[in-house]
Amino acid sequence: MSWLQALVLGIVQGLTEFLPISSSAHVRIVSTLFFGNDAGASFTAVIQLGTEVAVLIYFARDIGNFIAAWFKGLFSKAARKTDDYRMAWYVIIGSIPISVLGYVFKDEIRSSLRNLWITATVLVVFGILLGVADQFARHVRTRLELKDAVGMGLAQAMALIPGVSRSGGTLTAGLFLGLERAAAARYSFLLALPAVFGAGLFSIPDVLDRSEPNAASVPQMIVATVVSFAVGYATIAWLLRYVSKHSYSAFVWYRLSLGIVLMGLLSMGLINAT
């Protein structure tokens, strides 16, 4: 892997992780289209650590409150009645589906599911679903319930397929369940933490395996992760402001356009699906 590729993919990861347009799809497409190779699922998983550190820092106070409330709730009945205690459990419950399915289908995630025809198709399909949820669902609730944690957790698991989008899937589910846009986005950010950190740390040994033809060096991996953190932090702040005043229609049209263009490039043989 060249230094330019590592830097570009770090920027792409930071820009797209929290937008409902699939960061893994963009890393896959940009790497193949402009650098002639697939950076790999392991590389993608590790540089996502940078964007999740951005979430940790941005929501540090909230996360600290959730953790403190969860431990207090183990011994205090009063603590178990707080919103922070419930939110801690909602993040844990919502993380179970992707953790289980990610382990069961780890080989497929790193191989067959990275086919660009699949990526193009789910970009379009889940773009349509996001548009329907954004336009026709009732966005009235700001307080999460158990059904939201389960529904959005199942939706997050579908993001194991590049193109679905972790944030896009969870946001779509949250909107269908009646959550207000900003509330759905906030939980989406928090829900990603356990899954992404787990996948990233689990993938580090694979990235350090220099036997792969396009493997990144350790310095390249560190730089790409740091870049993704810096860009991702700015993206969180921007997106939370944006969704408080706008719909997701711009992202819907972008997904549809990207998916159709990608299908066209694949059909003409200008880009390799695998």
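Leaving out neighbours within four places in sequence, Gln13 is in contact with Ser23, Val27, Ile47, Gln48, Thr51 and Ser228. That is where I'd like to start. Before going on, please keep in mind that this is a predicted model.

So where does Gln13 sit? It is part of helix H1, which covers residues 3–16. Is Gln13 buried or exposed? Its relative accessibility is 0%, so Gln13 counts as buried, the cut-off for buried being under 20%. One of the contacts I listed involves Thr51, and here there is something further to point out: the side chains of Gln13 and Thr51 are joined by a polar contact of 3.2 Å.

Next, the backbone. Most residues other than glycine have a negative phi. Which residues go against that here? I have two to show, Ser22 and Ser165.

Take Ser22. This residue is not a glycine, yet its phi is positive, at about 75°. You will find Ser22 in the loop that runs between H1 and helix H2, the latter being residues 23–35. With a relative accessibility of 1%, Ser22 counts as buried because the value is under the cut-off of 20%.

Now Ser165. Again we have a residue that is not a glycine with a positive phi, in this case about 85°. And which helices lie on either side of its loop? Ser165 is in the loop between helix H8, residues 146–157, and helix H9, residues 166–176. The relative accessible area of Ser165 is 3%, so this serine is buried.

To recap: Gln13 is a buried residue in helix H1, while Ser22 and Ser165 are each in a loop between helices. That's what I have.

Terms used
Residues numbered from 1 in each chain as written. Predicted model: local features only at pLDDT ≥ 70, side-chain atom pairs only at ≥ 80, totals over all residues. Heavy atoms only, no water. Helix = DSSP H or I, 4+ residues; strand = E, 2+ residues; numbered from the N terminus. Buried < 20%, exposed > 50% of the residue type's maximum accessible area, 1.4 Å probe, protein only. Polar contact = N/O pair within 3.5 Å; in protein donor to acceptor, adjacent residues only side chain to side chain. Contact = heavy atoms within 4.5 Å.
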